[in-house]
Every structure is written in C-alpha cells, then in structure tokens.
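Student: I've got a model open and I'd like to learn how to read its strands and sheets. Can you walk me through it?

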Amino acid sequence: MAGTITFVGAGPGAPDLITLRGVEALKRADLVIYAGSLVNEQLLDYAPPAARRVNSAGLDFTAVIAEIKAAYEAGKAVVRLHTGDPAMYGAVAEQYRELDRLGLPYSVVPGVSSVFAAAAALKTEFTMPGLSQSAILTRDAGRTPVPDGEALEKLAACGCTLCIFLSVAGIRQLTQKLLAAGRSPQTPAAVVYRASWPNEIVVRGTVADIAGKVEAAGIKRQSIIIVGEVLERSGELSSLYNKHFAHGYRTADPRDGFHGRCALFALSAQGTCKAVEIAAGLGDEAKVFVPEKHAHLVPCARLETYPEGGFADTYTGAWKRFDALVMVMAAGIVVRHAAKLCRSKLHDPAVVVCDEAGDYAVSLLSGHLGGANRLARAIAGITGGKPVITTATDVRKLMAFDELAARFRYRLLNPKALVRIATAMLDGEALELTMPPALFQNFYADNPEFRYQGASPDGAIQVRHAASDTVLRLEKLRYAVGVGCRRNAPAEEIAAAVDAALETAGLVYDDIDCFASIDLKQDEAGLLEAAKNAGKTVRFFTAAELNRIEVPHPSLAAREKLGVNSVSEAAALLAAGPGAQLVLDKQIHSQATVAIAEVKS
Ligand code: SAH
C-alpha cells in the first residue's frame with residue numbers, strides 16, 4: 001500500500017501558528033522531515049512518539065527525496081515541514097518537480113509566512129489608502145542572485161511597501177540601494193528578528209538609521225525587513241469603514257432589499273457550497289437545508305439536515321415556516337414540488353431558483369408581494385450572477401401596485417382587484433392614483449396615463465380604473481418600536497440601535513407610529529432625546545402591563561433589574577395594540593435592545 005506525502009507550512013515559529021490541517025498531518029505522520037533552524041522543534045511534539053524525525057539540514061537534495069520515496073513506498077505518511085509558507089524561499093519547487101518526475105503524489109498545506117508574523121509584531125498593515133496599495137515580497141541579491149529586472153534599486157523606486165527576506169546581514173548596503181532608488185532617508189523602516197519566537201526583537205527606525213540600530217542590537221540573520229510609509233503615518237481611513245462609502249455601497253433604500261426569513265435548499269455538494277455562500281450574504285438568520293451527507297459543508301449555526309428521501313417533506317415544512325425558499329438546484333425539481341403547495345400570491349413564500357454555479361437567480365414565485373424579485377436581485381449581487389425577472393411590469397420598468405405595497409408597507413384591502421388593475425396598467429389604460437406625493441413622483445409621474453388625484457390624510461393608496469370602475473385599495477401598515485436601554489445610555493447609541501433595527505426590517509422612520517418602553521425609563525434622557533430627534537413620542541408601560549404580554553425572548557437581566565420579562569418586545573407589542581405581531585425580534589446592542597411590532601388593522 002502506498003503512503004502519503006504532505007508538504008506543510010510550519011508557520012513563523014510559535015507552535016500554535018501552524019494551521020489545523022498542518023497539525024492533523026503531523027498527528028498522522030510516520031516520518032517528519034523538517035527544514036533547519038527556523039522550524040520550531042516543539043511542532044514535532046504533534047507527531048506520534050514513534051514517528052521518525054529527520055532534520056533536513058544534514059541531508060542533500062537527493063537524500064531528502066530518497067527518504068521521502070522510500071517511506072512513501074513502504075506505505076508511510078510523510079510530512080515535509082517547511083518554515084513559514086512553503087511558497088516563499090522554501091526550495092520546494094525542485095522537490096515538487098522531482099516527485100512529479102517519479103510519479104509520486106503529494107499535497108501542500110499553506111502556512112503563516114514570517115512576513116505576516118512580522119506585520120503582526122509591528123501591528124501594521126502593508127496596504128493603506130493614500131500610502132501604498134501594494135507590498136513587494138523580495139530579497140536582496142546574496143549568494144543567490146536576483147534577476148536584473150528585480151534588483152532592489154529598481155523595485156524600491158516604485159515607492160510601495162517592501163518586505164525583504166534573507167537580507168538583514170547586508171542591511172547597510174541595502175539601505176544604500178534604497179536611497180539610490182530615490183527613497184527618502186526619512187522613509188520608515190523596521191526589522192523583526194525571529195517574529196513570534198520567545199526571543200523576538202523589533203527594531204524601528206528610518207532608512208537613514210535602521211542599519212546602525214540593527215547592528216547595535218546584534219541582529220545578523222533570521223529577520224524580515226519592512227520599508228514603507230505605512231509603518232509610521234496613519235494614512236487615510238480605509239473606504240471599507242468609511243460611513244459615507246458604506247452608505248453609498250449598500251442598497252440606498254433598505255426597502256429595495258429583501259427582509260424575510262430565508263431557507264436555502266441544496267442537493268449536491270457543489271450546490272451546498274453555493275447555498276452556504278448565498279446564506280452568508282443574506283444574513284445571520286438564513287438556514288441551509290441539505291441531505292445529511294453534505295452536513296460537513298455547512299456551518300453549524302445555519303445547518304438543517306434531512307434524511308435520505310426526506311426532501312419533499314422538509315420542503316413542505318419550510319414552505320409554511322419561512323418567508324422565502326432559495327433552491328439551488330434544477331428548476332424542474334422545484335416546480336414539481338411547489339405545484340402541490342401553491343395557494344396564491346397573498347400566501348405563498350417567495351421562491352427563487354439558483355443554478356449551482358450561481359450564474360442565474362430566477363424569481364419563480366411571489367415576485368412582488370412575496371419579494372422574490374428583490375431576493376433574486378440580492379442573490380445575484382452575492383454570487384455575481386444575473387437576476388432573472390419575468391414579471392411584465394418589471395420588464396417594462398413599471399412599479400406594480402403589489403410590489404409598491406410590499407416595499408412601502410401597505411396592506412392590500414381587496415387583492416381581487418389587482419389583476420384588473422395590473423392588466424390596465426400593462427395595456428396603457430388610464431389609472432387615477434391617490435397616494436402620498438413622493439410615491440407618485442418617484443414611480444408614476446413620468447407616465448401621462450397615471451393621473452394624480454392627490455394624497456389621502458391617512459397615507460392610504462387608491463388606484464381607480466375608470467373604464468371598468470375597479471378600485472384597488474391599500475392601507476398603510478404601521479409599526480411600533482420597543483426600546484429597552486441601560487441607565488444613562490447615550491441618545492446616539494439608542495438611535496444607532498433603532499436605525500439598525502429599521503434597516504434589518506426594511507422600514508423607515510415614516511413607517512413608525514411611536515417608540516415604547518417601560519415607565520421606569522420615563523426620565524431616561526438618552527431615550528427621550530433619541531425619540532425627539534426621530535420626531536416620535538414614547539409610550540410608557542408599567543411592569544404589570546408588560547408582564548401580561550407573552551414574548552419570544554424573555555430576558556433574565558430585565559427580570560432581575562426591572563421585574564419584567566421583557567421590555568423591548570413586550571412594549572412594542574403593547575404599543576402596537578391588540579393582535580399586533582413582532583416583525584423584528586429583540587435585537588441586542590451594548591446600550592439598548594430594540595424590537596418592532598406591526599399594528600393589526
Ligand atoms: N518560507 C519562509 C521563508 C523562508 S526563507 C516564510 O514564509 O517565512 C528564510 C527567511 O525567512 C529568513 O532569512 C528570514 O528573512 C525569514 N524568516 C523566517 N522566519 C522568520 C521569523 N520568525 N522572523 C523573521 N524572519 C523570518
């Protein structure tokens with residue numbers, strides 16, 4: 001029986017900076033061949049006591065290959081342990097080539113390179129906006145020559161961050177080359193000796209003085225040299241965390257997104273991987289349903305498995321429990337199973353079908369009211385694929401009234417009128433619209449067939465098709481925001497928690513009737529200020545009133561401190577009135593908790 005050959009990156013030195021996969025390979029090893037002084041011998045403790053340990057420092061290339069070959073042919077597990085990551089100055093390419101020639105299979109496990117351990121020791125980032133967006137990993141010419149085009153004098157001229165291996169012994173000449181390349185003597189420079197080892201040394205300076213400092217510290221080898229502005233200057237704020245950038249980058253209006261609970265289904269291993277990728281982009285709540293044999297591909301927090309042959313039942317169950325089903329599989333399977341379950345666009349969940357490559361996200365059912373069109377767009381945004389939307393209004397760039405209802409939170413009072421109105425719209429017949437002016441301006445003002453009749457005081461919408469005397473009526477849904485907060489919680493933090501909750505639920509402040517909390521917070525300045533800034537009143541309830549309400553997430557802390565089971569969820573439900581239901585369960589922030597309930601009309 002043949003053995004195994006695994007090249008493993010040992011990491012920079014600290015024995016806990018090897019990868020888990022590397023450790024697993026060591027645990028199974030019969031023979032470990034490790035390279036020289038920079039592999040920490042404590043790593044060998046991961047290997048079984050009986051495993052042979054060979055230091056390759058004492059062997060030439062042919063001898064190393066002979067050891068590997070003999071062990072492999074004897075059915076042994078061989079680990080070839082290289083410092084840092086094998087791909088940087090690891091002299092692995094020649095070993096790979098020889099093993100290929102001999103027809104011996106092998107695999108490679110990456111490692112943490114010393115260059116990244118040095119960055120960690122320096123607490124720096126090699127790439128900072130405005131300073132440098134590249135790092136060059138290189139070495140100065142030594143016993144091993146460097147190709148002409150890569151001479152340090154040339155590379156240094158571009159001004160980016162330099163990470164220099166194997167060169168600290170010649171640091172004085174090296175700094176001369178940097179100056180010759182036009183780098184200023186004041187350019188920050190640092191040297192990290194034996195990064196992550198107990199005897200690590202960090203020396204900081206400039207191109208002008210680093211050589212002297214390194215010599216004074218007695219450092220002659222085993223160091224990474226870093227040169228670049230990133231070491232000193234703070235740079236600009238990365239646009240990743242820039243508030244304005246982030247806002248511009250996200251869907252500008254939360255109502256353009258999808259906000260329900262999603263169940264993703266996959267059948268194949270490839271499909272499972274794609275489903276996991278999509279779920280990660282859809283948010284914490286999205287669950288991934290897969291056959292048991294693929295369970296290992298799904299993070300535990302999202303995993304739902306079903307037994308062999310259990311797909312149909314599981315799908316039927318999820319149909320009732322979730323707002324959306326995302327099916328990563330052939331459309332035929334989805335259609336056949338959905339056929340038995342479909343009721344109407346008022347009841348059915350959104351169904352989106354996606355191919356395992358993620359090239360297409362097909363909005364299959366409940367495109368408007370259920371939000372499948374918005375969900376398909378969101379999924380295509382995650383996978384880099386194309387949303388496939390077939391609803392005629394969308395194809396013609398018209399805002400359908402059921403889509404308007406779903407996005408802007410209206411209830412259809414007479415959904416039966418929808419078909420007549422939609423047909424009239426598509427046929428270009430005149431419709432009389434009563435709605436808030438902003439909605440009319442945004443979606444209908446450009447088309448002369450839409451005749452504006454003004455707004456109704458309660459925000460309700462009416463669409464009248466005079467030709468058939470059909471009137472579609474939509475009523476504005478209202479919400480209450482329940483807020484619990486710590487004593488002296490600052491207004492900004494409460495406002496940020498409410499902002500986040502609204503965004504998660506796809507709501508805006510206009511949808512909100514009021515804030516609600518416990519009467520013990522009647523004098524809570526931050527809460528009152530946050531509500532005032534939002535233009536909302538706060539309704540306060542007593543502990544007795546709050547305790548009469550059953551909530552999904554009772555809180556032990558609230559019980560102990562305030563004598564109630566829940567503040568945010570119970571207050572939201574009470575303020576929203578009888579029959580209200582939570583549309584957003586309690587969201588916990590450091591200073592405040594927030595929940596949102598929908599008023600039942
Ligand atoms: N493959 C290794 C590099 C091997 S070449 C890696 O990815 O890190 C050996 C050179 O790497 C040394 O001369 C030194 O420049 C650098 N090096 C390796 N380990 C180091 C450590 N712990 N601290 C600083 N430099 C180190």
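Tutor: Sure. Start with what pairing means: two strands pair if DSSP finds at least two bridges between them. Keep in mind that this is a predicted model.

Student: Got it. In which sense do β11 and β14 pair, and over how many bridges?

Tutor: The general idea is that strands of a sheet pair through backbone hydrogen bonds, either parallel or antiparallel. Here, β11 (residues 262-266) runs parallel to β14, with 5 bridges between them. To see one of them, find Phe265, whose bridge partner in β14 is Met327.

Student: And what about β14 and β15?

Tutor: Those two also make a parallel pair, with 5 bridges, and β15 spans residues 350-354. Look for Val328, which has Cys354 as its bridge partner in β15.

Student: What connects with β14 and β15 to make a β-α-β unit, and which hand does the unit have?

Tutor: Helix α11, residues 331-339, joins β14 and β15 in that unit, and the unit is right-handed.

Student: Which way do the side chains of β14 point, and are they buried or exposed?

Tutor: In a regular strand the side chains alternate between the two faces of the sheet. In β14, Ala324, Val326 and Val328 point one way, while Leu325 and Met327 point the other way. Both sets are buried, so with buried meaning under 20% relative accessible area, 5 of the 5 residues in β14 (324-328) count as covered.

Student: Let's move to another sheet. What is the strand order in the open sheet of 5 strands?

Tutor: Read it as β6-β7-β10-β8-β9, with mixed pairing. At the edges sit β6 (135-139) and β9 (201-206), each pairing on one side only. From one strand to the next, the twist averages 20°.

Student: Where can I look for an antiparallel pair?

Tutor: Try β8 (residues 188-193) and β9, which run antiparallel and are joined by 6 bridges. Within that pair, Ala189 stands opposite Gly205 of β9.

Student: Which helices pack on this sheet?

Tutor: One is α4 (residues 114-122), touching β6, β7, β8, β9 and β10, with its direction at about 65° to that of β10. Another is α6 (residues 171-180), which touches β7, β8 and β10 and makes about 20° with the direction of β10.

Student: Which residues does the record's domain annotation cover?

Tutor: The unreviewed UniProt entry annotates residues 4-210 as "Tetrapyrrole methylase". In the model, that span is 28% helix and 22% strand, and its end C-alpha atoms lie 46 Å apart.

How values were computed
Residues numbered from 1 in each chain as written. Predicted model: local features only at pLDDT ≥ 70, side-chain atom pairs only at ≥ 80, totals over all residues. Heavy atoms only, no water. Buried < 20%, exposed > 50% of the residue type's maximum accessible area, 1.4 Å probe, protein only. Helix = DSSP H or I, 4+ residues; strand = E, 2+ residues; numbered from the N terminus. Right-handed = clockwise from strand over helix to strand, strands pointing away. UniProt positions renumbered as here; feature names shortened; annotations may be inferred. Axes fitted to C-alpha atoms, helices over the stretch in contact; angles between N-to-C directions. Contact = heavy atoms within 4.5 Å.
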